[in-house]
Amino acid sequence: MALHIREVGYETASGATYPVRPDEVRAHLMILASGGTMDLAPSFGDEPLAGDSDYSLVLYSPEPPPGTATAADRVRNRLLELVSRANAYQIVGVSGDTIWTDGRTVEAQPAFALGSTVFYDTSNCNGNGRWIRGVNGEEECTNSVGMLYHELAHSYHNNPGGVAEVEAQAITDENDLREALGLVLRDPERIEGGCGCPSDDCCIVASVALGSPFAREIQALRRFRDHVVRSTEGGRAFFDALHREYYAFSVDVCRVMVLHPQARSNVEVWLVRPLADSLQILRACAAGGAELQSKIESHVLSGQQPAAPADLESLILELCEGRVRGDILETLDEGTAEVLRILSLWLPHSPHVVWGLIRPLTIRLKLAGYVGDGEKMTRVALEQFSSWMSQMPIDYVRDATSAENWGVTLDTLLDAVVTNESLRQSCAHALAAEKEQGTGP
Amino acid sequence: MSEALEAVTANATRAWHDDTGMHVRLRIVNHSDRTLFVGRGKRRLQFDADASLLTVWLCDHELEESIGQRCAIGLTMPSAVALGAGTEVELSIDLPTKIFQMQLDGDQVKFIERTTSEYRNISLRSAVAETPFYYSPRGEPLAQQLCRWGAPLKVELAVPAKGEPQLGHSEGPCQ
């Protein structure tokens, strides 16, 4: 029986006492003992630890034993295993006025493990809450009990593996508690988290997609971006450039969308949803395969937005050139007109955004002209993909990598992204000139 | 460093000690023509008792540690304030009277009591960037990504002792 709660504060050199938070720890363990249901668990309690008055001993003996059938059962079972082990684990609840050995605050690092002792912030980031990355790609709230359970998972496994592996294991365990509490699960491959919940998000796509039916699609694209494209040096450099351009104006667009619901709706229908479909079409082209035609047709059809202006393509192209026609602005609500003005101001100076986000939109619009002729639509899609790839703005990527690796950088990026062999060859051919010249189109 | 990042200025407009702790109000102005992001959360505190210097880090610069150590995992992302083109923001940096720092003496854990009112010289370190911090799962270790986010933004000031006139009221802004 070996889970101990630190009850007594630490004496400091000046004779003062550093107070610890045993009651918060007790409350958090009680939530685990109830499997997240918040029901009292009669078999849960504690008593003074024999031989060490600084600690109390956690008692937990549910009958019957919980098993592992449900997430709540697994949480309770984990607690039972921890209190039943021969090894002793100490839990120390700390407050928000604590800093670790290197001066890091609990805001920057909410927990600290030392051998079998876990110190964790019970203040929930001084009352500001905390967020983690959900499997939906969004920032989801967590709390101190979630953090404690996560840290106990590390202690339970005591795995000496790499950070990614160890964290994925603890997050997978943490997800039992999140499921039991009815919370969105945490993405085991994303270790991000932070202080504040909700945090300020200033991404246009994230703002629009949050909670929407196509959020899953956006998340799939994010994963492809982060785990495939950005796994290469060239992909990272490209997205560094794209993000710099994008965040120059996305906050302004988000602010308009908050104030003007019609603008938010139009951004979703005209830009974000078709963009999700457009990128899925390009991804399908890059992957190839037997079902390519049906995938392309499906995304072209689902991307049809009857509420969008008939001349959306020309509107988008004009925005890229820094123009927006007065007769169009007159027909729009104030918020949407402001969004278009912002885009017309920034897109001409944002080649990576135009290539990566805007140009795919125009490809999908072009493909919409071939509805009913799937073969031709697929042929045109592949041609457009090849043409699109050849126009990738590569100046920054080239400058961000050493010159001698330049060709390798592009090849590696293509290898990661374009697994459709015939398309891979045509893309390589299209980019060959740029590689030799060392300049972008 | 891009020109945009150099176009951010910061100065302390108010600073004081009182019964609740130490307080600084920092005015940050974005003179560039684009939105920029400035670190605003308290990430690290460094106390130098001999120099009566407290360095408050609102970013993770100069802190690239071995992430193989167990204690280094679980780092959080820095929070940032979005600062529109040509706009300004006031950041509030408040620290309690007492802060407790963990120290390790072999396997023994100790805590040192830090009294913020004993620190008159304050160095505020933040980061200014063109994007929020964005974690790259397939990139270098998180600690290194955090360390490299943004260009440094530094403000140094002397905080009047408790009971003395507040900086910014009778003395004016301090660079």
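This tour moves through a predicted model, from the domains of chain A to a pair of helices and then to the contact with chain B.

**Domains of chain A.** Begin by colouring residues 3-195 of chain A as domain 1 and residues 204-437 as domain 2, following the domain assignment. The C-alpha centres of these two domains of chain A are 42 Å apart.

**A helix pair.** Next, select helix α8 (residues 250-259) and helix α13 (residues 334-346) of chain A, whose axes come within 9 Å and cross at roughly 175°. Angles over 145 degrees count as roughly antiparallel, and α8(A) and α13(A) are therefore roughly antiparallel to each other. To view the contact itself, display the side chains of D252(A), V253(A), V256(A) and L259(A) in α8(A), which meet G335(A), E338(A), V339(A) and I342(A) in α13(A). By class, the residues of this contact divide into five nonpolar, one polar and two charged.

**The contact between chains A and B.** Now bring chain B into view: the contact takes 48 residues from chain A and 43 residues from chain B. On the side of chain A, the elements that give two or more residues include α4 (163-180), α6 (215-227), α7 (233-246) and α8. Strand β8(A) gives the most to this side, with four residues. The residues on the side of chain A that touches chain B comprise 21 nonpolar, 14 polar and 13 charged.

**Strands across the chains.** Finally, select β7(A) together with strand β8 (residues 98-105) of chain B; two bridges join these strands, which run parallel. Within this pairing, zoom to I99(A), whose bridge partner in β8(B) is Q101(B).

Technical notes
Residues numbered from 1 in each chain as written. Chains lettered and ligands numbered in written order. Predicted model: local features only at pLDDT ≥ 70, side-chain atom pairs only at ≥ 80, totals over all residues. Domains from an automatic or database assignment. Axes fitted to C-alpha atoms, helices over the stretch in contact; angles between N-to-C directions. Parallel < 35°, antiparallel > 145°, perpendicular 65-115°, else oblique. Contact = placed C-beta atoms within 7 Å. Nonpolar A, V, L, I, M, F, W, Y, C, P; charged D, E, K, R; others polar. Pairing = 2+ DSSP bridges.
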